Amino acid sequence: MTFRATILTLYPDMFPGPLGHSLAGRALAEAKWTLDAINIRDSATDRHRTVDDTPAGGGAGMVLRADVVARALDAIADGRPVLAMTPRGRPLTQRRVRDLAAGPGAIVLCGRFEGFDERLFEARAIEEVAIGDYVLSGGEMAALVLLDACVRLLPGVMGAASSGDEESFESGLLEYPHYTRPNEWEGRTIPDVLRSGDHAKVAAWRKRRAEDDTRLRRPDLWERHVGARVGRPLARSDEEGRS
Ligand code: SAH
């Protein structure tokens, strides 16, 4: 089964863009996934090919018309999940990315201006997705982010098959930090344990750093990680020596 991405956008020329390079680009060339970008404007019906109108209730900007976007969507809907990029959506997570990557692909709606007429989301099964708590000028770059995260998980896309599992967020933790040669740089050396050849010690150091860094940098992730240990109360070793 090939992962198929279809983008609905006012700027189809922005695709594949960065996804035409590096791992994703090679996988695209090898047909390990496919990408179609469709211009929403092709679904406009008037002489001027209008896709937007002024906001009801007044205010700045323009709003994408529900009827035009729905027409574009209905012409291609085929059971794949439909995602709309919007800062009002549910924040994207590695878990959602992994589920999407395991499926048939996605249809992705890219907003512009003030976004979509809300009735679109009432009338169609559309998952509203945000890539972070900040505002972009359009959904295209958000769609590129979403697809990049999915495509690197597709079978045969990443070099070392194992490099997915230990990554940040996969375990609910940030990943441990990395080092490479030279061993000494500007007076700083690589932690001895990583050069010890003792695999058990290396694993223990990495686990500890993943936990410590998550606790310090992302207390929100850490809370969830600790809470997810199947209802077990904090173990003594968690309370002692770590705060
Ligand atoms: N008026 C909207 C912002 C519109 S930004 C609001 O305040 O909620 C224009 C388009 O950029 C959006 O329709 C959406 O497709 C995209 N966009 C902006 N920020 C985004 C984010 N954090 N995540 C996903 N898409 C985003």
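**Exercise 1. Find which of the 19 residues around the ligand come nearest, and describe the polar contacts and the burial of the ligand.**

Step 1: Of the 19 residues around the ligand (a heavy atom within 4 Å of it), Met85, Gly111, Gly132, Tyr134 and Leu136 come nearest. A word on the model before going on: it is predicted, so local features need pLDDT of at least 70 and side-chain atom pairs count only at pLDDT 80 or more, while totals for chains, interfaces and linings use all residues. Residues are numbered from 1 along each chain as its sequence is written, and side-chain values use heavy atoms, with hydrogens and water left out.

Step 2: Look for polar contacts, pairs of N or O atoms within 3.5 Å; within protein, one must be able to donate a hydrogen and the other to accept it, and residues adjacent in sequence count only if both atoms are side-chain atoms. A polar backbone atom of Gly111 is 2.9 Å from an oxygen atom of the ligand. For Gly138, a polar backbone atom is 3.4 Å from a ligand oxygen, and a backbone N or O atom of Gly139 also lies 3.4 Å from an oxygen atom of the ligand.

Step 3: Turn to the surface. The ligand taken alone exposes 560 Å², and the protein buries 87% of that (Shrake-Rupley method, 1.4 Å probe; for residues, only the protein chains shown count as cover).

**Exercise 2. Work out the surroundings of Glu140.**

Step 1: Glu140 has its place in helix H5; helices (H or I, at least four residues) and strands (E, at least two) are DSSP runs, numbered from the N terminus.

Step 2: With 0% relative accessibility, Glu140 counts as buried (buried is under 20% relative accessible area, exposed over 50%, partly exposed in between; 1.4 Å probe, protein chains only).

Step 3: The side chain of Glu140 makes a polar contact of 2.8 Å with the side chain of Arg112. Leaving out residues up to four places away in sequence, Glu140 touches (heavy atoms within 4.5 Å) Thr9, Leu10, Tyr11, Met14, Phe15, Cys110, Gly111 and Arg112.

**Exercise 3. Classify the two aromatic pairs.**

Step 1: Rings of Phe, Tyr and Trp (its six-membered ring) pair if their centres lie within 6.5 Å; planes under 30 degrees apart are stacked, over 60 edge-to-face and the rest tilted. The structure holds two such pairs.

Step 2: Phe116 and Phe121 have ring centres 5.7 Å apart and planes at 75°, so this pair is edge-to-face. Phe116 is buried at 11% relative accessibility, and Phe121 is buried at 13%.

Step 3: For Tyr179 and Trp205, the centres are 6.5 Å apart and the planes at 55°, so the pair is tilted. This pair links distant parts of the chain, 26 residues apart: Tyr179 is in the loop between helix H5 (140–151) and strand E8 (184–185), Trp205 in helix H6. Tyr179 is partly exposed at 39%, whereas Trp205 is buried at 19%.

**Exercise 4. Sort the residues of helix H7 into buried and exposed ones.**

Step 1: In H7 (residues 219–227), the buried residues are Leu221, Trp222, His225 and Val226. They cover an arc of only 130° around the axis, which puts them on the same side of H7 (the arc is taken over the directions from the helix axis to the C-beta atoms).

Step 2: Exposed Glu223, Arg224 and Gly227 sit on the face turned away from the buried side of H7.

Step 3: Helix H6 (199–217) is included in what covers the buried residues of H7.
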